[in-house]
Each structure stands twice: as structure tokens, then as C-alpha cells.
Amino acid sequence: MSNPIQDTIEREITVRAPKERVFKAIIDPAQIVKWFPDAVEGSFDEGERPIFDFGKYGKYRILVVANRPHDYFAYKWTPGSYYLPDGFLGDVLTVPHTFVEFFLNDCPEGTLVKLKESGFASLPPEQIEVSLKDNNEGWDYMMASLAKFLAEA
């Protein structure tokens, strides 16, 4: 009997900041570059297709699926390591992709930030293992960076 393929990465952090502040750190191009991509081209309005620029790791076009202030933000993108070093600037809906969601909830300490990236099991077999490894490590780093950015802001 084979092990089922992991489909989802989930992370959770609590930050001492109101939801409005956390949401802005996630969707404001001027702030997201302080903790996630090196640069952003475009806006994070629903239906838009901005580009995350990760420098030497390439540029990646995403599709914003939902932008619901101050509770939920979601987008589709391609797992980056498969497209190194150039990135992916095509239509994310035409290639295997994953779905990234940020859920923001009030809590006594401030805001509980839940991240969920799903869709790994639907990737081509040659992409699954490396994408899971890289994105697991990547989200550990990025969520810590988000918490650090909000603590310093």
C-alpha cells in the first residue's frame, strides 16, 4: 500500500497586530516586499495577475482569486523551484498550479494568521516532491519574516 501524496502545506502564526494591519502587510505591494518577494508588478485586486519578483529565483505571475479585507486573501501560482531560474510569466491556469490562502482571525494576542497552500497532489509527479520540500521550507521562512516585519512595524 503506497502512502497518499501530501496535498497541503499549512502554517499558523499569531502576531501582535490588528487584522487590518496584517492584511495590509499581505496585500499592499509596498509592504509585501518587506517580507516576501523582492518586488511586485501590478495590484492584488481580485482577478488581477500581478508578478512576484524573487530576484535570482525568477518572476512568477499569480492570479488573485480573492481579496476580502481584512479576513481572506487567496491566489493561484506555480511552485517556483520547477521553473528556476527564469520563473513563470504565463497564464497560471494553463499549467499545474497550487492555491495559496491567507485566513486572518482576531485572537486575544492580536491576529491569528493561517496560511494554506493546496494542490500539490495534482502536480506532475516530477514536480511534487521538490515543490513540497521547497515550499515547506519557504513558508517557514516567509511566515517568520511576516511576523518579524509586523513586530518591527
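This is a short chat about a predicted model, covering its helix packing and two peptide bonds.

Colleague: What should I know about the numbering and the model first?
Modeller: Residues are numbered from 1 along each chain as its sequence is written. The model is predicted, so local features need pLDDT of at least 70 and side-chain atom pairs count only at pLDDT 80 or more, while totals for chains, interfaces and linings use all residues, and side-chain values use heavy atoms, with hydrogens and water left out.

Colleague: Okay, at what angle do α1 and α3 pack?
Modeller: Helix α1 (residues 19-27) and α3 pack at an angle of about 125 degrees, and their axes lie 11 Å apart; helices here are DSSP runs of H or I with at least four residues, strands are runs of E with at least two, and both are numbered from the N terminus. Axes are lines fitted to C-alpha atoms, for helices over the stretch in contact, with angles from 0 to 180 degrees between N-to-C directions. That makes α1 oblique to α3, where under 35 degrees is roughly parallel, over 145 roughly antiparallel, 65 to 115 roughly perpendicular and the rest oblique.

Colleague: And which residues make the contact?
Modeller: On α1 they are R21, V22 and A25, and on α3 they are L146, F149 and L150, contact meaning heavy atoms within 4.5 Å.

Colleague: Switching topic, where are the cis peptide bonds you mentioned?
Modeller: One cis bond joins P69 and H70, with omega about -10 degrees, and H70 sits in the loop between β5 (63-68) and β6 (72-77). Another joins L84 and P85, with omega about -5 degrees, and P85 is in the loop between β6 and β7 (87-88).
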